[in-house]
Amino acid sequence: MPYPANYRYTREHEWISLDGTIGTIGITDYAQNSLGDIVYVDVPKVGDSVTANATFGSVESVKAVSDLFSPVSGKVTAINEALKTEPDKINAAPHETWIIKVELSNPAEFNSLLDAAAYEKFISEETGS
Amino acid sequence: MATDIRNSTPVTAHTTTGKVRPHQTQNEALVFEKSAPGKCAYKMPPLDVPAVDPAELLGDAHREALGLLPELSEIEIIRHFTRLSTWNYAIDLGMYPLGSCTMKYNPRVNEVVARIAGFAEAHPYRPSSHAQGGMEIIEQLQRCLLEITGMDAITLQPAAGAHGEFTGILLTRAWHESQGNPRRKVLIPDSAHGTNPATAAICGYQIENLKSNSDGGIDLGALARQVDFDTAALMLTNPSTLGVFENQIHKIADILHDKGALLYMDGANMNALVGKVRPGDFGVDVMHLNLHKTFSTPHGGGGPGAGPVACKAFLEPFLPIPVLVRNEDGTRHWDYDRPHSVGRVRAFYGNTGMFIRALAYILANGPDGLRQTTEDAVLNANYIRKKLEDLYELPYNTPSMHEVVFSDKRQAAHGVKTGDIAKRLIDYGFHPYTVSFPLIVQGALMIEPTESESVEELDLFIAAMRSIAREAEENPELVKTAPHSTRVSRLDEVQAARKPVLRWKPRENPHS
């Protein structure tokens, strides 16, 4: 699955897209593939603060519970309610299925993240393939 | 819901020749479904005392209708539970190589000793003067465990490993508070047991993740950068969940102690160290032991567990109450008057039946026996590693201690994942190994044979694993659809997690 060129990525396998100062965050195809079937997504509340590189929630698959790391700092403006009943949407369409939206407090953080090419290079190193 | 055997439809597509799938022993219904009105296991004798009116005695608590309770005869009940028991797998049936869990044999001598009437029938409310024997067991076990760990003080009360972690971090917090600041965060390596971060969070700490280095161990540079005066402790499993000994452990302790932070050791893997090295000697401040792993008490449904916490002298004032104290005349009493104690962590004195079994194990082995146990556990894991490393990928090349972690990388090329290999292992008569843990290994196969297994049993296991590796190449579908020899074939784990059915409900019309 291609990694959208307009997204930015973390080494913890989250993606973020930016519209003005609103960032939309999800997990990558590599992440959903490693986790396997996702059964539950734990997210913060609207209005909560998130910090770059700190955990903001977790995602549970049949194999494990993994922390979600925020690519940026800011305030949560929306959460994807559909994931409460259909967490498997992440498996089906990881790059279209967002988890939270964040109003960035420091938009410069977006540019310090990995671009698609750098992220693909990172995962190929990580898998050693 | 169980299949209705009256329809006699095969349960799975993978019918083994000659195996009668619809038979009762393969398709036991729930006890509620076997019920029929009026069946009864016992007939009460005529009343020889004056009858009472339960409604009058119980008032509002009295129920006219008792709800749906199963009605069966005695033989039906016995058959029901006996059949269910035959579907189980146990260490008494074969090897149980569940990594990190240390499913070692529970020697029968432990059971004999624990069933001595004086112990088995002891009541926790007996006065100390009548309980000196039981207290001597506790005192002796404490002494043995302190000798084995090299620590100064101990409580046997926690009822499980995670409960021990909780108690140990409570001690840590109480000590920091006594120094004027409980501090804010606890460091946890990314290879840790999930209970470690859960414990720290429950005790009010923020969790900071510590990345493993390329050997799967602690990165000293990263540790030094992350430890500060806000760090309460590092929770470290040694050997790690990769089965690797942290050979820089004393330096790790120094880095923490320089900043006033404590070193907590998760003793889940202590079976790789007993009689060889002592955590108290390599800088650990507080740790728990799992009697149900290292010291051979029952485990995994059979429990209960026991997670004693040992600590250095400076933490002793904070130990949970009561603490066993020896009187001048050689008798013992329980001391409840400990103003700095974190309080009670459990009713009474802990799972004392496990203390008897663990002490029996320690005394039956003796120091040399325990040392040999450790050596055999490490030898067995390395034997498996050596015999399988040509077929299964070793993600970390560091020497293994009591367990070995492979990855499914080569089999995954054929679409066969660690979970598939584990399920296929059931067909070969073994309990699966630990799947997909530790999380730092993609597609982990975590194998811990323990010292209990003979070379003959290990060879059977190795032959099974080699055969599965061949199947993964030649006939991957066979592995991906395993198990084939069990009562039910592969269950839908995803549906079970997403839409769990947590209780049985009667059908509207049982004959529809």
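## Overview

A helix is here a DSSP run of H or I that is at least four residues long, and helices are numbered from the N terminus. The model described in this report is predicted.

By secondary structure, chain B comes to 15 helices and 12 strands. Its C-alpha trace spans about 75 × 70 × 40 Å along the principal axes. A compact globule with 512 residues would have a radius of gyration near 24 Å; the 26 Å of chain B agrees with this.

## Burial and contacts in chain B

Among the 512 residues of chain B, 39% count as buried. When contacts in chain B with a separation of 6 or more are considered, 71% of them join residues that are 24 or more positions apart.

## The nonpolar cores

In soluble globular proteins, nonpolar side chains tend to be buried together. The largest nonpolar core of this model has 107 residues, and the members that touch the most others are B:A233, B:L263, B:Y264 and B:F355. Helix α10 of chain B, residues 352–388, gives the most to this core, namely 13 residues. A second core, separate from the largest, has 29 residues, including A:I27, A:V72, A:W98 and A:L104.

The surroundings of B:L263 can be described in detail. Apart from neighbours within four places in sequence, B:L263 is in contact with B:A233, B:L234 and B:L236, with B:I252, B:A253 and B:L256, and with B:G283, B:V284 and B:D285.

## Helix α9 of chain B

Which residues of helix α9 (residues 249–258) of chain B are buried? They are B:I249, B:I252, B:A253, B:I255 and B:L256. These residues lie on the same side of α9(B), because the arc they cover around the axis is only 160 degrees. An α-helix has 3.6 residues a turn, so residues three or four places apart point the same way.

The cover over the buried residues of α9(B) includes three elements of chain B: α8 (220–226), β4 (231–237) and β5 (262–267). B:H250 and B:D258, on the other side of α9(B), are exposed. After α9(B) comes B:G260, which has a positive phi, near 75 degrees.

Three of the buried residues of α9(B), B:I252, B:A253 and B:L256, are also among the contacts of B:L263.

## Where the two chains meet

The contact between the chains involves seven residues of chain B and six residues of chain A. On the side of chain B that touches chain A, three residues are nonpolar, two are polar and two are charged.

Definitions and conventions
Residues numbered from 1 in each chain as written. Chains lettered and ligands numbered in written order. Predicted model: local features only at pLDDT ≥ 70, side-chain atom pairs only at ≥ 80, totals over all residues. Core = buried A, V, L, I, M, F, W, Y, C linked by C-beta atoms within 7 Å. Buried ≥ 20, exposed ≤ 12 C-beta atoms within 10 Å, placed from the backbone. Helix = DSSP H or I, 4+ residues; strand = E, 2+ residues; numbered from the N terminus. Contact = placed C-beta atoms within 7 Å. Arc of directions from axis to C-beta. Nonpolar A, V, L, I, M, F, W, Y, C, P; charged D, E, K, R; others polar. Rg over C-alpha atoms; globule rule 2.2 N^0.38 Å.
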